[in-house]
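Reader: I should like to go through this model in a series of questions. Please begin with the ligand and its surroundings.

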Amino acid sequence: MTDASPQSEGDLAFFEDLQPPASDFRADVLAGLSRPQKALSPKYFYDKTGSEIFDRITQAPEYYVSRTEIALLDRIGPELRDLAGPAAVVLEPGAGSSVKIRKLIDALDRPAAFVGMDISGDHVKAACRDIASDHPDLLVGAVCHDFTQGIDLSALPLPDGRRVVFFPGSTIGNFELDGALALLQTLRGWLRDGDALLIGVDLRKDGATLEAAYDDAGRATADFNYNLLKRINVELDGTLDPSGFDYRAFWNPYRSRVEMYLQASRDMAFSVAGQDFMIRKDETIHTENSHKFTVDTFQDLARKAGLAPRTQWVSDGEPFSIHWLEVSGEA
Ligand SMILES: C[S@@+](CC[C@H](N)C(=O)[O-])C[C@H]1O[C@@H](n2cnc3c(N)ncnc32)[C@H](O)[C@@H]1O
């Protein structure tokens, strides 16, 4: 947490900068590359370039996730308006370019406030400014923070009113199940009686569709992965050669997840932040998982986090779900 109170900036009612220190990135990368199965945390994909590449991914024909969720939001808008009631205060962790929030703002009954929150501070600030200028009656704030870390929401100048925490994009699927449970518990902590978590959760489907979605022919997802190596080179004085890696995405039906890797095409020595590493031909760096749920497996997890499923909707076409969860009082 910073000691400074959130500042207003341009059209934004406030911007709170809780960006994690650069030392976290360094420590996490060194620890991940030192493991027997080398791994990097997907939260580091999202520097400025990574956030822009993610927007390209959402446009890839094979990446059904974004367009399916947007179509479902359009379909359920009137029900969301009734559930949220007037003057809701909407918070979106991992907001990114805030495309989907526009659907929600348009659907709701005169929402009082929107707060976009993301680890990619400049990106979320710019996206929230655009929303503020398009919605002059809405109080719009932005926060740069890591949603896996705590945040004191009472430090933000939020109006009273029902809080709706909006967590689309099936970002919850990027976590191992214990991490997903912990994150749901964190988000539950943002809610009071009567508030809600509105969350998008991708559902199991056939492996070919999933592998194509996460390894698009236009190579956007591959570029997203290579960009993480480039980010390490620039920010951590790394000597990784992205051209020495092939990008791979596999559907693992036993763990119900798509697993993404960078696979070395030859033996390579490299260094990061002054530490030396070796990767052998065919050895992999695990960069991301995207877990796929059924409605039941997700709702069981939500209940364990103290969230009571009230309503859920499943898309037409490729199955994708959106859930309205309320505080159950049991966490
Ligand atoms: C899969 S994208 C989803 C973006 C947007 N919500 C959507 O549905 O299209 C994940 C977003 O979460 C952000 N993000 C990832 N890990 C994060 C973390 N630990 N804390 C805060 N934001 C994070 C990324 O910067 C990115 O904008």
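Reader: Which residues come nearest to the ligand?

Author: The structure is a predicted model, in which local features need pLDDT of at least 70, side-chain atom pairs count only at pLDDT 80 or more, and totals for chains, interfaces and linings use all residues. Residues are numbered from 1 along each chain as its sequence is written, and side-chain values use heavy atoms, with hydrogens and water left out. A residue is near the ligand if one of its heavy atoms lies within 4 Å of it. There are 16 residues around the ligand, and those that come nearest are Gly94, Lys100, Asp118, Asp146 and Phe147.

Reader: How much of the ligand does the protein bury?

Author: Polar contacts here are pairs of N or O atoms within 3.5 Å. A nitrogen atom of the ligand lies 2.7 Å from a backbone N or O atom of Gly94, and a nitrogen atom of the ligand is 2.8 Å from a side-chain N or O atom of Asp146. Taken alone, the ligand exposes 590 Å² (Shrake-Rupley method, 1.4 Å probe). Of that area, the protein buries 92%.

Reader: What separation is found between the centres of domain 1 and domain 2?

Author: The bounds, which come from an automatic or database domain assignment, give domain 1 as 7–20 + 63–205 + 293–327 and domain 2 as 36–60 + 206–291. In terms of contact (heavy atoms within 4.5 Å), 20 residues of domain 1 meet 24 residues of domain 2. Taken over C-alpha atoms, their centres are separated by 26 Å.

Reader: Which helix gives the most to the largest nonpolar core?

Author: A nonpolar core is a set of buried Ala, Val, Leu, Ile, Met, Phe, Trp, Tyr and Cys residues joined through side-chain atoms within 4.5 Å. The largest has 71 residues, and Tyr214, Phe245 and Val272 have the most contacts inside it. This core draws at least three residues from each of domain 1 and domain 2. With 8 residues, the element that gives the most is helix α3 (residues 64–84; helices are DSSP runs of H or I, at least four residues).

Reader: Is Asn227 buried or exposed?

Author: Asn227 has its place in helix α8 (residues 220–235). Leaving aside neighbours within four places in sequence, Asn227 is in contact with Phe45, Asp47, Thr49, Gly50 and Ile53. Buried means under 20% relative accessible area and exposed over 50%, with a 1.4 Å probe and protein chains only. Because its relative accessibility is 7%, Asn227 counts as buried.

Definitions and conventions: Helix = DSSP H or I, 4+ residues; strand = E, 2+ residues; numbered from the N terminus. Polar contact = N/O pair within 3.5 Å; in protein donor to acceptor, adjacent residues only side chain to side chain.
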